[in-house]
Amino acid sequence: MKPQARPMFDARSVPGDLCPIATVPNPMRPGDWRSMRPVVDRQKCVKCAVCWLYCPVQCIVEKPAWFDIGYATCKGCGICAQECPQRAISMIPEAAA
Ligand code: SF4
Ligand code: SF4
């Protein structure tokens, strides 16, 4: 007789007050709380991909002639602006965007 397959994890078996983070995913994304926003100057960008290499959340998006920012997941850390050799990325206050 074949042993019955058991699920690796059953959320119903976890007490609701044990660890809410583990049982209820947080729907908030970095773009919801970012305070500074990177903006790419398309005239300066040479598509070297340095920003793509350094972005810690991999939200740099390749466009036909430049690299752009995926604002849904960008957390506004400014590393891309620091590392861009062309100084093509500016950080502006999110409220001003
Ligand atoms: S690092 Fe600067 S120049 Fe290079 S792809 Fe990114 S924005 Fe463009
Ligand atoms: S600000 Fe930070 S998270 Fe946003 S694109 Fe630049 S490196 Fe990535």
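**Two ligand shells and the loops beside them**

By class, the shell around ligand 2 comprises ten nonpolar, two polar and one charged residues. This description concerns a predicted model, and the shell in question counts 13 residues, of which C55, C74, C77, I79 and C80 come nearest to ligand 2. Ligand 1 is likewise surrounded by 13 residues, and here the closest are C45, C48, V50, C51 and C84; sorted by class, the shell of ligand 1 divides into eleven nonpolar, one polar and one charged.

From the ligands one can turn to the nonpolar core. The largest such core has twelve residues in all, namely V40, C51, C55, C59, I60, F67, I69, C74, C80, C84, A88 and I89. Several names recur between the core and the shells: C51 and C84 belong to this core and are also among the residues closest to ligand 1, while C55, C74 and C80, core members too, are among those that come nearest to ligand 2. Another core member is C59, which, when its neighbours within four places in sequence are left aside, is in contact with I69, G70, T73 and C74; of these contacts, I69 and C74 are themselves listed in the core.

The backbone deserves attention in the loop between β1, residues 36-40, and α3, residues 50-54, where K47 is found. Most residues other than glycine have a negative phi. K47, although it is not a glycine, has a positive phi of about 60°, and A49, which lies in the loop between β1 and α3 as well, has a phi near 75°, again a positive value in a residue other than glycine. As for their surroundings, K47 has 14 other C-beta atoms within 10 Å and is therefore partly exposed, whereas A49 counts as exposed because it has 11 C-beta neighbours inside 10 Å, and the limit for that class is 12 or fewer.

A further loop, between α4 (79-83) and β4 (89-93), holds P85. With 9 other C-beta atoms within 10 Å, P85 is exposed, yet P85 has partners remote in sequence: once the neighbours within four places are set aside, P85 is in contact with C48 and V50. P85 and C48 are 37 residues apart along the chain, and their C-alpha atoms are separated by 8.7 Å. These contacts lead back to the starting point, since C48 and V50 are both among the residues closest to ligand 1.

Key: Residues are numbered from 1 along each chain as its sequence is written. Chains are lettered from A and ligands numbered from 1 in the order in which they are written. This is a predicted model: local features need pLDDT of at least 70, side-chain atom pairs count only at pLDDT 80 or more; totals for chains, interfaces and linings use all residues. A residue is near a molecule or strand if its C-beta atom, placed from the backbone, lies within 6 Å of it. Ala, Val, Leu, Ile, Met, Phe, Trp, Tyr, Cys and Pro count as nonpolar, Asp, Glu, Lys and Arg as charged, and the others, Gly among them, as polar. Helices (H or I, at least four residues) and strands (E, at least two) are DSSP runs, numbered from the N terminus. A residue is buried if 20 or more other C-beta atoms lie within 10 Å of its own, exposed if 12 or fewer, and partly exposed in between; C-beta atoms are placed from the backbone. Two residues are in contact if their C-beta atoms, placed from the backbone, lie within 7 Å. A nonpolar core is a set of buried Ala, Val, Leu, Ile, Met, Phe, Trp, Tyr and Cys residues joined through C-beta atoms within 7 Å.
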